[in-house]
Amino acid sequence: MELFPYTRLVVVGTTSSGKSTLAERLSQKLSLDFIELDALHWRPGWVEAPNEEFRALVDKATRAPGWVVAGNYKIVRDIIWPRAEAVLWLDYPFWTVFWRLTFRTFRRWWNQELLWGTNRESLWLHFKLWSDESLWRWLFKTYWRRKREFPQLFALPEHQHLRIYRFETPKQTEEWLASWSPKSPEFGRSLETSDSM
């Protein structure tokens, strides 16, 4: 059996599914660059980077020989996915993601965690459920759309080169991670039919 052959990976999923956490763990385990799209997108004061600047940063980062990208940004998908070799889709149940988001939001606010420059979590913004600034609203708005969208994207001819790994629970993801090491061939096992698109 061969060792895991992929060195350019993308981790996708709805907000708070754990994309960045998994991508960072994979990057450390495989000695690859960790690319967090949120970190390239957000400027101090929660100002979004101009599209062309964002695309240029992503283009530069993904020209490296090996990396793990965390994020779903549509505006840079045409840069990342053609260069990627595999996509890991965190397709967790809604309430799993909802409680993860709730816990993460309160933890970041309580600890005043520094996010991407000088940004910190604001509870008030997330309680504005009528606004897209609220990640709870964003979750409700995008969760089911992502479940429809990703299989359609994976089926496109231009994405047929990608190896797709689909994880339906955090436990499944953890078991998969625990089943291999960089020196073990077990990492190369992909999930079939119900677990993979």
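Where does Thr62 lie? In this predicted model, Thr62 is found in the loop between helix H3 (51-61) and strand E5 (67-70). A loop residue might be expected to face outwards or inwards, so let us look at the number: Thr62 has a relative accessibility of 3%, and because buried means under 20%, Thr62 counts as buried. Leaving aside residues up to four places away in sequence, Thr62 touches Ile35, Trp67, Val69, Ile79, Ile80 and Arg83. One of these partners, Ile80, sits 18 residues from Thr62 in sequence, with 6.8 Å between the two C-alpha atoms.

With that residue in hand, step back to the whole chain. The protein chain has eight helices and seven strands. Of its 197 residues, 47% count as buried. If you take the contacts between residues at least 6 apart in sequence, 70% of them join residues at least 24 apart. One pair that is distant along the chain is Pro5 and Glu85: they are 80 residues apart in sequence, while their C-alpha atoms are separated by 9.1 Å. Pro5 belongs to the segment before strand E1 (8-13), and with a relative accessible area of 46% it is partly exposed.

Now for a pair of helices. Two packed helices are described by the angle between their axes and the distance between the axes. For helix H1 (residues 19-30) and helix H8 (residues 170-178), the angle is about 5 degrees and the axes are 12 Å apart. Since angles under 35 degrees count as roughly parallel, H1 is roughly parallel to H8. On the H1 side, the contact is made by Leu22, Arg25, Leu26 and Lys29, and on the H8 side by Thr173, Glu174, Trp176 and Leu177. Sorted by character, the residues of this contact are four nonpolar, one polar and three charged.

Just past H1 there is a backbone detail to look at. Ser31 lies in the loop between H1 and strand E2 (33-36). Its phi is positive, about 55 degrees, although Ser31 is not a glycine. Unlike the buried Thr62, Ser31 counts as exposed, because its relative accessibility is 67%.

The aromatic residues make a good last stop. How many aromatic pairs does a search of the whole structure find? The search finds 14 of them. Take Phe150 and Phe154: their ring centres are 6.0 Å apart and their planes meet at 15 degrees, so the pair is stacked. Both residues belong to helix H7 (residues 135-154), and because they are four residues apart there, about one helical turn separates them. Are these two rings buried or exposed? Phe150 has 0% relative accessibility and therefore counts as buried, and Phe154, at 7%, counts as buried too.

Elsewhere among the aromatics, Phe94, Trp95, Phe98, Trp99, Tyr143 and Trp144 form one cluster. A charged side chain also meets a ring in this model: Arg77 lies over the face of Trp81, at 5.5 Å from the ring centre.

Key
Residues are numbered from 1 along each chain as its sequence is written. Side-chain values use heavy atoms; hydrogens and water are left out. Axes are lines fitted to C-alpha atoms, for helices over the stretch in contact, and angles run from 0 to 180 degrees between N-to-C directions. Helices (H or I, at least four residues) and strands (E, at least two) are DSSP runs, numbered from the N terminus. Angles under 35 degrees count as roughly parallel, over 145 as roughly antiparallel, 65 to 115 as roughly perpendicular and the rest as oblique. Contact means heavy atoms within 4.5 Å. Ala, Val, Leu, Ile, Met, Phe, Trp, Tyr, Cys and Pro count as nonpolar, Asp, Glu, Lys and Arg as charged, and the others, Gly among them, as polar. Rings of Phe, Tyr and Trp (its six-membered ring) pair if their centres lie within 6.5 Å; planes under 30 degrees apart count as stacked, over 60 as edge-to-face and the rest as tilted. Buried means under 20% relative accessible area, exposed over 50%, partly exposed in between (1.4 Å probe, protein chains only). A charge sits over a ring if NZ of Lys or CZ of Arg is within 6 Å of the ring centre and within 35 degrees of the ring normal.
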